[in-house]
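Thanks for making time for this; I would like to walk through one structure with you, going from the contacts between chains to the fold of a single chain. Please have the sequence and the model open while I talk.

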Amino acid sequence: MSLPVEERLRALEDRAAIAELIAQYGPAVDRGDADAVRALWSDDGEYGFDDTVLDAEGIHSLVDLETHRDLMRRGCAHIISAPTIVLGGDAAVAITHSAVLAGTDRGWEPARVSANRWELVRTAQGWKVNRRLNRLLDGSAVARNLLAPGGLNPRTD
Amino acid sequence: MSLPVEERLRALEDRAAIAELIAQYGPAVDRGDADAVRALWSDDGEYGFDDTVLDAEGIHSLVDLETHRDLMRRGCAHIISAPTIVLGGDAAVAITHSAVLAGTDRGWEPARVSANRWELVRTAQGWKVNRRLNRLLDGSAVARNLLAPGGLNPRTD
Amino acid sequence: MSLPVEERLRALEDRAAIAELIAQYGPAVDRGDADAVRALWSDDGEYGFDDTVLDAEGIHSLVDLETHRDLMRRGCAHIISAPTIVLGGDAAVAITHSAVLAGTDRGWEPARVSANRWELVRTAQGWKVNRRLNRLLDGSAVARNLLAPGGLNPRTD
């Protein structure tokens with residue numbers, strides 16, 4: 001290892017901060033905490049899932065969507081897998097799976113199982129999500145392709 | 001970054017040690033290893049789930065509970081999500097989801113899906129769980145509220 | 001802490017690199033990327049699951065197995081839990097659970113739930129998997145026993 005200590009520490013801190021940011025998502029939506037969800041994204045942040053694209057305002061009201069309220073009534077866990085992260089200076093891409101386990105009459109069921117691409121940026125307030133893309137793993141190529149980290153090209157693909 | 005190297009290393013090591021501690025829980029209970037489960041907690045440790053509160057002795061015999069023996073016979077995976085961690089010197093709080101996938105006649109099913117709050121303390125033997133609270137995500141407010149990291153106030157809420 | 005900074009950094013980097021390596025597995029198989037799957041293993045790597053043992057060549061064609069092609073058609077998520085890791089110089093052992101959530105007519109179901117033992121080696125190309133063992137958590141002792149980190153004895157047990 002020939003990198004200076006400062007760079008090695010910075011890389012470790014970046015990975016830890018990004019993993020921490022992503023780990024905050026599930027608990028925040030599952031307790032219905034609009035401000036905490038919003039705070040994960042940058043001001044120009046975007047969240048695209050299914051046919052929906054939300055901007056920062058939409059992300060703030062994500063937990064008020066009727067579909068989300070219904071999940072919370074049933075009881076739900078938005079479980080995000082441990083991320084694989086590609087660092088690129090002040091930008092990063094992380095790939096995860098997400099599984100929403102939702103309550104049923106007799107237990108829980110996987111209500112959504114998705115591929116996630118997280119495009120992250122370093123801001124004055126630390127690492128934030130600039131764009132998250134989420135597609136159901138239903139056999140479609142679009143969801144499978146989302147699982148490739150690809151380049152660090154936020155918002156350009 | 002203006003923090004000294006020592007403090008930055010310590011924070012990274014604390015996060016890594018706490019993540020490691022929590023990651024040991026599932027494999028320990030799923031293989032029925034009473035000593036390994038007990039060793040995760042401090043001597044005055046507590047584990048509260050459903051209407052049950054176990055002290056260190058109770059935690060040591062957790063894997064001998066008939067409900068747990070039944071899960072092991074069916075085959076089970078106590079999967080804990082990657083934690084979000086708030087460090088506070090010699091104390092910390094981590095929030096996770098847990099999902100118990102248990103064998104059925106034709107595969108596996110989510111038998112328990114819960115919110116988890118882990119209150120941790122730094123001891124002479126490293127980070128240990130001082131209290132873990134676990135509530136089923138069945139739509140109840142008590143489980144949802146457990147997902148907020150809140151303050152670093154072990155045993156006082 | 002009396003260890004020198006270099007050793008502390010190295011231990012943190014080893015943990016981060018191993019967690020990153022393991023986190024790459026699920027996305028790689030779920031997008032059907034044979035080269036990415038192969039690149040996780042060392043040249044003398046092995047992957048043993050059920051009654052099958054694959055060498056590096058077999059690992060490279062893992063995603064072409066008819067069973068895997070079928071999972072991809074249905075839509076699948078190979079979710080790996082956050083690892084517990086025992087470092088031992090240039091070798092390491094990590095334990096995880098894995099759950100394969102696969103598409104059905106009406107959602108997703110856990111198609112495989114397994115115990116995983118990852119034996120890792122430091123190579124000139126960074127940390128690689130030398131051997132992964134995967135056994136279904138169906139109540140059998142062999143799967144439960146795989147969840148014990150045990151010693152750092154790759155290929156000898």
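The crossing of α1(A) and α1(B) is left-handed, where left-handed means that the near helix is turned anticlockwise from the far one by less than a right angle, and a clockwise turn would be right-handed. Before going further I should say that this is a predicted model, in which local features need pLDDT of at least 70 and side-chain atom pairs count only at pLDDT 80 or more, while totals for chains, interfaces and linings use all residues. Residues are numbered from 1 along each chain as its sequence is written, and chains are lettered from A and ligands numbered from 1 in the order in which they are written.

Two packed helices are described by the angle between their axes and the distance between the axes. For helix α1 (residues 5-30) of chain A and helix α1 (residues 5-30) of chain B, the axes come within 11 Å and cross at roughly 35°; these axes are lines fitted to C-alpha atoms, for helices over the stretch in contact, and the angles run from 0 to 180 degrees between N-to-C directions. The helices themselves, like the strands I come to later, are DSSP runs numbered from the N terminus, with H or I over at least four residues for a helix and E over at least two for a strand.

Which residues make the contact between α1(A) and α1(B)? On α1(A) they are V5(A), L9(A), L12(A), E13(A) and A16(A), and on α1(B) they are V5(B), R8(B), L12(B) and R15(B), where contact means that the C-beta atoms of two residues, placed from the backbone, lie within 7 Å. Sorted by class, this contact of α1(A) with α1(B) holds six nonpolar, no polar and three charged residues; here Ala, Val, Leu, Ile, Met, Phe, Trp, Tyr, Cys and Pro count as nonpolar, Asp, Glu, Lys and Arg as charged, and the others, Gly among them, as polar.

Moving on to the next pair, α1(B) and α1(C) pack at an angle of about 35° with their axes 11 Å apart, and α1(B) passes α1(C) in a left-handed crossing. In this pair V5(B), L9(B), L12(B), E13(B) and A16(B) meet V5(C), R8(C), L12(C) and R15(C), which by class gives six nonpolar, no polar and three charged residues.

Now let us widen the view to whole chains. The contact between chains C and B takes 23 residues from chain C and 27 residues from chain B. On the side of chain C that touches chain B, at least two residues each come from α1 (5-30), β4 (84-88), β5 (91-104), β6 (107-123) and α5 (141-146), and the residues of that side divide into 13 nonpolar, five polar and five charged. For the other contact, 23 residues of chain B touch 27 residues of chain A.

How are the copies related? A rotation of 120° with 0.0 Å of shift along its axis superposes chain C on chain B, with an RMSD of 0.0 Å, the fit being by least squares on the C-alpha atoms of residues with pLDDT of at least 70 in both copies. The two copies are thus related as by a three-fold rotation axis. Among the residues of chain C, A82(C) comes closest to that axis, at 3.4 Å for its C-alpha. Only 13% of the interface residues of chain C are also interface residues in chain B, so the copies meet through different surfaces. Chain B, in turn, can be laid on chain A by a turn of 120° and a shift of 0.0 Å along the axis, with an RMSD of 0.0 Å.

Finally, a look inside chain A, whose secondary structure comes to five helices and seven strands. Strands β5 (residues 91-104) and β6 (residues 107-123) of chain A pair in the antiparallel sense over 14 bridges, where pairing requires that DSSP finds at least two bridges between two strands. I95(A) has R117(A) as its bridge partner in β6(A), and a hairpin joins β5(A) to β6(A) through two residues. Ten bridges then join β6(A) to strand β7 (residues 126-136) of chain A, again running antiparallel, and these strands form a hairpin with two residues between them.
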